[in-house]
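Please open the model in a viewer and keep the sequence panel visible. The stops below suggest what to select in turn and describe what is found there.

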Amino acid sequence: MFRSMWMTMAFGAGVGLAGGAHAEGMAGVPPAKQALVQRVLDKMGLESVGLQMLQAPVADMLRQSRVVVQSRVPADKQDATMKDITAEATKFVETEAPALRTSTHAIVQSSVAPLLAQKFSEDELKQLAGILESPVLAKFESVVPEMKKAVGENVAKANAAQIQPKMTELQNRVGLKLRAAAGQ
């Protein structure tokens, strides 16, 4: 997974940089439109994509490491081992993040900015920037986690009686298969 993520990033970087050669400074795009494109980009959060792509496999590795540590490392060494692994992963992310942010920014500017300039008129960009900068949108986005939590809690309540016994059965079947595979 880690390798495929980086292959995707490398391909994306190549495409972005190829697009950037043509779009550098968005030649032919009026400065007012460029400013609107930047306002939209500033609100889109694309600058965090690269960092998220880095953090996701690291988090997966930590979860997998925790499982291995819990099952194969003596109990008295588990905490220290996980602390050491977590420190190593944190150092890796902190070391790689600055260059990744810079690269992501360059790719956004070279590929997404020209695309927005090409696909949207100046008036549409004004409207889009207005929507993205709207206090109502910000308020709505701040309430989304609360709404998702409410839906999740109510779905759990409404379906627990039906799902929980089946989930327990599934866990028991999986446990039996794991014990059989392990020879226990």
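Is Gln-70 buried or exposed? Select this residue, which lies in helix 3, in what is a predicted model. Gln-70 has a relative accessible area of 53% and is therefore exposed, since the cut-off for that class is over 50%. Next, add Met-82 to the selection: 12 residues separate it from Gln-70 along the chain, and the distance between their C-alpha atoms is 9.4 Å.

**The whole chain**

Zoom out and colour by secondary structure. The protein comprises 6 helices and 0 strands, so the order of elements from the N terminus reads α-α-α-α-α-α. Of the 184 residues in the protein, 21% are buried. If contacts are drawn between residues at least 6 apart in sequence, 82% of them join residues at least 24 apart.

**Confidence**

Now colour by pLDDT. The mean for the protein is 86, and 86% of the residues reach 70 or more. Which elements have the lowest and the highest mean pLDDT? Helix 1, residues 2-23, has the lowest, at 40, while helix 5 has the highest, at 96. Select residues 1-24 as well: the pLDDT is below 50 over this stretch, which has 20 contacts in the model beyond near neighbours in sequence.

**Helix 3 against helix 4**

Select helix 3, residues 49-72, together with helix 4. Their axes come within 9 Å of each other and cross at roughly 170 degrees. Helix 3 is therefore roughly antiparallel to helix 4, as angles over 145 degrees fall in that class. The residues of this contact comprise 13 nonpolar, 8 polar and 3 charged.

**Three stops along helix 4**

Keep helix 4, residues 75-119, in view; His-105 is found in it. Thr-104 also has its place in helix 4, as does Ser-110.

Begin with Thr-104. Which residues does Thr-104 touch, not counting residues up to four places away in sequence? They are Leu-46, Glu-47 and Gly-50. Thr-104 has a relative accessible area of 10% and is therefore buried, the limit for that class being under 20%.

Move on to His-105. With a relative accessible area of 37%, His-105 is partly exposed. Measure from its C-alpha to that of Ser-48: the two residues are 57 apart in sequence and 8.9 Å apart in space.

Then select Ser-110. Its relative accessible area is 9%, so Ser-110 is buried. Add Met-26 to the display: Ser-110 and Met-26 are 84 residues apart in sequence, and their C-alpha atoms are 8.3 Å apart.

**Helix 2 against helix 4**

Select helix 2 and retain helix 4. How far apart are the axes of helix 2 and helix 4? The separation is 10 Å, and the two helices pack at an angle of about 115 degrees. The crossing of helix 2 past helix 4 is right-handed. To display the contact, show Lys-33, Val-37, Gln-38, Val-40, Leu-41 and Met-44 on helix 2, with Val-108, Gln-109, Val-112, Ala-113, Leu-116 and Ala-117 on helix 4. By class, these residues are 9 nonpolar, 2 polar and 1 charged.

**Helix 2 against helix 5**

Hide helix 4 and select helix 5, residues 122-132, alongside helix 2, residues 31-44. The axes of this pair come within 9 Å and cross at roughly 30 degrees. Helix 2 and helix 5 are therefore roughly parallel to each other, because angles under 35 degrees count as such. Helix 2 passes helix 5 in a left-handed crossing.

Show the side chains of the contact next. Helix 2 contributes Ala-32, Lys-33, Leu-36, Val-37, Arg-39, Val-40, Lys-43 and Met-44. From helix 5 come Glu-122, Leu-125, Lys-126, Leu-128, Ala-129, Gly-130 and Leu-132. How many residues of the contact of helix 2 with helix 5 are charged? There are 5 charged residues, with 9 nonpolar and 1 polar.

Notes:
Residues numbered from 1 in each chain as written. Predicted model: local features only at pLDDT ≥ 70, side-chain atom pairs only at ≥ 80, totals over all residues. Heavy atoms only, no water. Axes fitted to C-alpha atoms, helices over the stretch in contact; angles between N-to-C directions. Helix = DSSP H or I, 4+ residues; strand = E, 2+ residues; numbered from the N terminus. Parallel < 35°, antiparallel > 145°, perpendicular 65-115°, else oblique. Left-handed = near helix turned anticlockwise from the far one by under 90°. Contact = heavy atoms within 4.5 Å. Nonpolar A, V, L, I, M, F, W, Y, C, P; charged D, E, K, R; others polar. Buried < 20%, exposed > 50% of the residue type's maximum accessible area, 1.4 Å probe, protein only. pLDDT = per-residue confidence, 0-100.
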